[in-house]
Amino acid sequence: MTRPVVLPALEVPPPSAGPSRARVVAVVGPPNSGKSTLFNRLTGLRQKVANFPGVTVEQHLGKLKIEDAVELDIIDLPGVYSLTPRSEDEQVTHDVLMGRMPGVPKPDTILLILDVTNLGRHLVLAAPILALGLPTLVVLNMADELERRGGDVEAETLAQRLGAPVALISAATGEGYDTVLQFLRGRIGVPRPMELLPTLSDLPRCREWAAKLGEAANYQAPAPPIWTRRLDGVFLHPVAGPLVFLVVVVAVFQTIFTAATPLMDLVDRAVGASGAWLGAVLPAGALRQLLVEGVWAGVGSVVVFLPQILLLFLFIGILEDSGYLARAALIADRTMAKVGLQGKSFIPLLSAYACAVPAILATRTIENKRDRIATILIAPFMTCSARLPVYTLIIAAFLPEKPLVGPFLGTRAAALLGLYLLGFLAAVGTARVLKSSVLQSERTPFVLEMPPYRRPTLRGLGLRLLDRAKVFLQRAGTVILGMSIALWVLAHVPLKDGAAPQIAESFAGTIGRVVEPVIAPLGFNWKIGIGLVSSLAAREVIVGTLGTIYGIEGDETGKSLQEALRHDLTPAGAVALLVFFAFAMQCMSTIAVVRRETGGWTWPIVQFTYMGVLAWVGAFVAFRVVTAFLA
Amino acid sequence: MPHTRHPATLLDLRKGEEAILDRIDLPADVSQRLMELGFLPGSRVAASFRAPGGGPRVYRVDGTEVALRSETAACLHLRPSPPEGTATSS
């Protein structure tokens, strides 16, 4: 994947000095420079995630209106230290800036964002960026932190030396942000450079050049971040560190259950009330039945889980934006090394807690092919957010809430934690087997920059949650809606004497009965069978399916979904169902992305079969053991 | 910081100790990555916290902190302890 680098090497003439207005703006910078914070401030809600064709690094594109009729396209590029295309991230940044990314307009303006508390090192990136010859604003971010920690820099002098305008800002607080807008409006001229750019390939000389510039601009490096060191003293402490890690994880799970409940009740009541209203307003007939029993009961029972999923993402967001995640990766590295994986696999695996699809895409940063395939194969074992509705529904239906460790950990949160652990153990165990057999390879170095701890911004967290809510509701509005309608229809045909049959006699019932012999040893009946078949599309579909089935059946009793479930599953069967969902690969999107990323059907078929067998065997063992235990 | 030991690689540095990096004995792509993060020959590197249970150690270099596994740290060779005061960037 290494393409020849065609960067001008030396002594590039300064770009045309006259101010001009921007059209397509690329935001470029090293990792942890606050790129996304600036991008969020620029585009706010007017952004979308896009996947560039051929590459799978997630891209954020957005719009910014700067004058009445003028709108700019803003592209947020992956964080890079250089423009030498070695990893996928660097390749994307390089290609977009060179105008070689199909479907993306060539940027005509660059915002180069650098962490001013780390100016010497970050300024190195200015050399290849300025060499592109595009109008560039050098944005020195984290000005507030620089000041607080007693550092200083003369932005004016730096601008003159560089031959590019320099803005000293804080993207988090908005200080100095106006300069960025002024620049984009074309109101800031470009000075002529006083320093020649260094030879780009020679890193030590680039660093020297950057140091010289910093000196010229009277750069005073800030004092070390005292709070980061103090916090690391706790979070990386041999005893306190792992303990804090554990407490954080437990607190997250407990809160997902307790804090989400009132919100979920609220959504539940809204869904119920709107369904009842619909039932009262519409004339009786097939359409009313389809809407109330099929769509409302099906989609509604999944939408109820939105607060819980958002809460999970809020916590992941806080952990990530605060810088704690890097420490967690550090603590986890030894475990990863033991199963033969590298630290780089940790980040994709962590994001698999949200969804396996972006996790599999994130494995592109792993250069070692065998490590990459191993990570792809184990990622779907991590408990993704689609499993959360299934888990919480079954746990809440079968396990009464009791405090285990005072108010800190209840039975339900503990059960959920156990399921997350089960998925993690399956992933780790599988990795161990793979890495000691078919996917053996040399260990590759673990290099991870530790960002200073920072306070997460409300704006960043809010946008992240909004993004997640959109994805979740989109799925509810497409996959789950479609399945609910299809299932409702299948449950009403073939007509018997002009009337709908009993579900057991319908096509849906037939499907359930066909699979029943296979799943009966796990303690599942044909209704659960229908749910399992439909959840091959996506895991949470089973909740919608059961909602629809019981919605149709519910005429006589009006049982809640939880009550209905208790009617159809024994406690042992419930445990078996949980184990089944922990292991099985019920997700079409994941299968599709594995096929694309591994370049064929071999790995997805192997993976689907392996996970399916593991799920069946695991559920069988769980059913037997729990049955014997409860007898 | 007077010490009589002669640490040969980053791995030999104890917490709080610092030394001058001499060379990186790793494949080109890895050493390039490390150099981008600040591990340039001649730069001053200080050892900091270590992950619990013998995990990677955090090193301070060029205004930032980077975690390396022991096996990687062992490939970053140090200059023989220089007399105080002469240890500036080359």
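**A sheet shared by two chains, and some unusual backbone spots**

Q: In this predicted model, which residue of β4(B) does Val58(B) stand opposite?
A: Start with the strands: β3(B) and β4(B) pair in the antiparallel sense over five bridges. Across that pairing, the residue of β4(B) opposite Val58(B) is Ala67(B).

Q: Which strands stand at the edges of the open sheet of six strands?
A: The strand order is β10(A)-β4(B)-β3(B)-β2(B)-β1(B)-β5(B), paired antiparallel. Each edge strand has a single partner, so one side of it is left without a neighbour in the sheet. From one strand to the next, the twist averages 45°. The edge strands are β10 (447–449) of chain A and β5 (76–78) of chain B.

Q: At about what angle to β2(B) does helix α9 of chain A run?
A: This helix covers residues 226–235 and lies across β2, β3 and β4 of chain B. Its angle to β2(B) is about 40°.

Q: Is Asp62(B) buried, exposed or partly exposed?
A: Asp62(B) sits in the loop between β3 (57–61) and β4 (64–68) of chain B, and its phi is positive, near 50°. Most residues other than glycine have a negative phi. Buried would need under 20% relative accessible area and exposed over 50%. Asp62(B) comes in at 22%, so it counts as partly exposed.

Q: Where is the cis peptide bond that leads into Pro494(A)?
A: Most peptide bonds are trans. This one runs from Val493(A) to Pro494(A), with omega near -5°. Pro494(A) lies in the chain A loop between α20 (458–490) and α21 (507–519).

How values were computed: Residues numbered from 1 in each chain as written. Chains lettered and ligands numbered in written order. Predicted model: local features only at pLDDT ≥ 70, side-chain atom pairs only at ≥ 80, totals over all residues. Heavy atoms only, no water. Helix = DSSP H or I, 4+ residues; strand = E, 2+ residues; numbered from the N terminus. Buried < 20%, exposed > 50% of the residue type's maximum accessible area, 1.4 Å probe, protein only. Pairing = 2+ DSSP bridges. Axes fitted to C-alpha atoms, helices over the stretch in contact; angles between N-to-C directions. Contact = heavy atoms within 4.5 Å.
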